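Me: I am new to this structure and would like to understand the words used for it. Could we go through them one at a time, with the cut-offs behind each?

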Amino acid sequence: MPQDSAIFKIQRYDPEVDTLPYFTTYNVSLRKGMTVLDGLLDILDQQDGSLAFRASCRGAVCGSDSMYINGAFRLACNTAIVPLLPREITINPLPYMRIVKDLVVDMDPFWTAYERIKPYLINPETAPERERYQSPKDRKHIDEMLDCILCASCYSSCPMVWSDSEFLGPAAFLKAYRFVGDSRDQGQRERIKAVGHENGVWRCHTVFNCTEACPKKINVTWSIEALKRRSIVNRLKFWQR
Ligand code: SF4
């Protein structure tokens, strides 16, 4: 007989009043097709208005509800409850990030790293009357990287981020390559410079955690390796002058 309820075991922590994180358990009544986010919203509405978490689009587009659910990085909005049963559903905030409250983590270091790679098209040429043309083949080269929703799962999973707060992290590198590999962009030199320092791309130890963590199934490690190759080619060009 299908289960009509699920146990949610949620990590709680309010740095203003708690000395250590702890777990609170909730019994959630199930409806057909429920996701983990639906369960969290039910808890918030019906059981505990003090529970803090982020969510917005409910369609795996905004990336704000990335969490660590039953030992894996997932988006709460596209994680169905039924396949996780009969186990209880254990939810932690993104690991190794400062907890603001409960499942809400401090995203400032992630956004600071993202800003440093200049995440916008750099092209000093006068803009054409219509769009800057890009062939389907050139667009295909960056297709996968455009799926990134900036959820920070890869960032949270990266051992170099855990040990070096200045390390830019996988998502920033992926986005750097998204522009370096864009046929319309002319900011290659400054972007390679932005990732070529001691906290940049060469600190990546290629452990593949980022690729495994990504809920959009992007091969993040491939992009980082492509960025390393582009960085070497740029240096060779410089020395050959
Ligand atoms: S690469 Fe994947 S895991 Fe990293 S921020 Fe983008 S969507 Fe999230």
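Me: What makes Arg189 and Lys193 of α7 exposed rather than buried?
Reply: In this predicted model, Arg189 and Lys193 count as exposed because exposed means over 50% relative accessible area, whereas buried means under 20% and partly exposed lies in between, all with a 1.4 Å probe and protein chains only. The model being predicted, local features need pLDDT of at least 70 and side-chain atom pairs pLDDT 80 or more, while totals for chains, interfaces and linings use all residues. Residues are numbered from 1 along each chain as its sequence is written, and side-chain values use heavy atoms, with hydrogens and water left out.

Me: Which residues of helix α7 are buried, and how do you know that they share a side?
Reply: Within α7, which runs over residues 188–195, the buried ones are Arg191, Ile192, Ala194 and Val195. They lie on the same side of α7 because their arc around the axis is only 155°, the arc being that of the directions from the helix axis to the C-beta atoms. Arg189 and Lys193 are on the other side. An α-helix has 3.6 residues a turn, so residues three or four places apart point the same way.

Me: Why is Pro86 called exposed?
Reply: Pro86 has a relative accessible area of 69%, and exposed asks for over 50%, so the word applies to Pro86. Pro86 lies in the loop between β4 (72–75) and β5 (89–92); strands are DSSP runs of E with at least two residues, helices are runs of H or I with at least four, and both are numbered from the N terminus.

Me: What makes α6 a mostly covered helix?
Reply: Eleven of the eleven residues of α6 are buried, among them Phe173, Lys175 and Arg178.

Me: Which residues come nearest to the ligand?
Reply: The shell has 13 residues, of which Cys148, Cys151, Ala152, Cys154 and Cys214 come nearest; to be near, a residue needs a heavy atom within 4 Å of the molecule. The elements that give two or more residues to this shell are α4 (153–157) and α6 (170–180).

Me: What is the make-up of that shell by class?
Reply: Eleven residues are nonpolar, one is polar and one is charged, where nonpolar covers Ala, Val, Leu, Ile, Met, Phe, Trp, Tyr, Cys and Pro, charged covers Asp, Glu, Lys and Arg, and the others, Gly among them, are polar.

Me: How many helices and strands does the protein chain have?
Reply: The protein chain has nine helices and seven strands, and buried residues make up 48% of its 241 residues.
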